[in-house]
Amino acid sequence: MWRRIDHQPKIKAGDEPQVGQLKVLGSARETAMPNTLDLSEFQSLPVFEDISHHIKEVGGQLVKKVNAIFQLDITKDGKTILQWTIDLKNGSGDMYPGSSRLPADTVFTIPESVFMELVLGKMNPQKAFLAGKFKVSGKVLLGQKLERVFKDWAKF
């Protein structure tokens with residue numbers, strides 16, 4: 001007989017992920033299935049959460065400066081494992097897990113290790129892009145505005 005040993009609440013249809021739970025993404029054709037994952041597997045998760053708090057604090061100012069929606073598809077071994085959207089076009093700004101609710105101006109497909117080096121300032125974004133370390137679709141030049149958002153966040 002099977003029994004739950006992780007003592008986490010059961011996920012019901014329509015529930016959003018709780019702390020300790022993430023939506024795991026497969027290929028674009030697969031449906032996102034909520035699974036409970038070990039958060040230590042994702043180095044970028046604390047960074048995304050921290051950037052999200054920063055956007056909640058200064059989002060209104062960023063919307064005026066940036067005026068764009070970015071979708072970040074974080075990959076591992078060539079498969080998308082996390083998706084985050086940074087909406088600096090509407091209201092006072094927002095950042096949330098998952099694909100963009102409105103059409104994204106720019107979509108970044110980036111390995112998690114490269115993302116971490118970029119946000120920590122260990123890698124130059126332009127050089128990394130030109131070297132093919134990540135892909136950008138949509139309005140490529142808006143990536144410079146996102147770089148400024150990350151630099152602004154790093155100061156706090």
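# Close-up views of a predicted model

**View 1. Aspartate 77, between S3 and S4.** With a relative accessible area of 75%, aspartate 77 is exposed; the cut-off for that class is over 50%. The model shown here and in the other views is predicted. Aspartate 77 sits in the loop that joins S3 to S4. The phi angle of aspartate 77 is positive, about 55°, although the residue is not a glycine.

**View 2. Asparagine 67, in the loop between H1 and S3.** Asparagine 67 is a residue other than glycine with a positive phi, near 55°. The relative accessible area of asparagine 67 is 45%, so the residue is classed as partly exposed. The loop that holds asparagine 67 leads from H1, a helix that spans residues 44–66, to S3, a strand that spans residues 68–76.

**View 3. The whole chain and its order of elements.** The protein has 156 residues, and 39% of them are buried. Four helices and seven strands are present. Read from the N terminus, the elements follow the order β-β-α-β-β-β-β-α-α-β-α. Of the contacts with a separation of 6 or more, 56% join residues 24 or more positions apart. The pLDDT averages 79 over the protein, and 74% of the residues reach at least 70. Residues 1–37 have pLDDT under 50 throughout, and in the model this stretch has 39 contacts beyond four places in sequence.

**View 4. Helix H1 against helix H2.** H1 (residues 44–66) packs against H2 (residues 112–119) with the axes 10 Å apart and an angle of about 45° between them. That angle makes the two helices oblique, because roughly parallel would need an angle under 35 degrees and roughly perpendicular one of 65 to 115. The crossing of H1 and H2 is left-handed. On the H1 side the contact is made by Ser44, Val47 and Phe48, and on the H2 side by Glu112, Phe115, Met116 and Val119. Sorted by class, this contact has five nonpolar residues, one polar and one charged. An α-helix has 3.6 residues a turn, so residues three or four places apart point the same way.

**View 5. Helix H2 and its surroundings.** Which residues of H2 are buried? They are Glu112, Val114, Phe115, Met116, Leu118 and Val119. Since six of the eight residues of H2 are buried, this helix is largely enclosed by the rest of the structure. The packing partners of these buried residues are H1, S3 (68–76), S4, S6 (106–111), H3 (125–130) and H4 (143–155). Glu112, Phe115, Met116 and Val119 are also the H2 residues that meet H1. Glycine 121, just after H2, has a positive phi of about 75°.

**View 6. Helix H1 against helix H4.** The axes of H1 and H4 come within 10 Å, crossing at roughly 120°. The two helices are therefore oblique to each other, and their crossing is right-handed. H1 contributes Val47, Asp50, Ile51, His54, Leu62, Lys65 and Val66, whereas H4 contributes Lys145, Val149, Phe150, Asp152 and Trp153. By class, seven residues in this contact are nonpolar, one is polar and four are charged. Val47 of H1 takes part here and also in the contact with H2.

**View 7. Glycine 143, in helix H4.** Is glycine 143 of helix H4 buried or exposed? Glycine 143 counts as buried, because its relative accessibility is 18% and the cut-off for burial is under 20%. Beyond its neighbours within four places in sequence, glycine 143 is in contact with Phe70 and Phe108. Phe70 belongs to S3 (68–76), and Phe108 to S6 (106–111). The C-alpha atom of glycine 143 is separated by 9.9 Å from that of aspartate 105, a residue 38 places away along the chain.

**View 8. Serine 92, in the loop between S4 and S5.** Serine 92 lies between strand S4 (79–88) and strand S5 (94–97). A relative accessible area of 49% makes serine 92 partly exposed. Apart from its neighbours within four places in sequence, serine 92 is in contact with Ile55, Gly59, Gly60 and Val63, which fall within H1 (residues 44–66). The C-alpha atoms of serine 92 and glutamine 61 are 7.8 Å apart, although the two residues are separated by 31 residues along the chain.

How values were computed: Residues numbered from 1 in each chain as written. Predicted model: local features only at pLDDT ≥ 70, side-chain atom pairs only at ≥ 80, totals over all residues. Heavy atoms only, no water. pLDDT = per-residue confidence, 0-100. Contact = heavy atoms within 4.5 Å. Axes fitted to C-alpha atoms, helices over the stretch in contact; angles between N-to-C directions. Parallel < 35°, antiparallel > 145°, perpendicular 65-115°, else oblique. Left-handed = near helix turned anticlockwise from the far one by under 90°. Nonpolar A, V, L, I, M, F, W, Y, C, P; charged D, E, K, R; others polar. Buried < 20%, exposed > 50% of the residue type's maximum accessible area, 1.4 Å probe, protein only.
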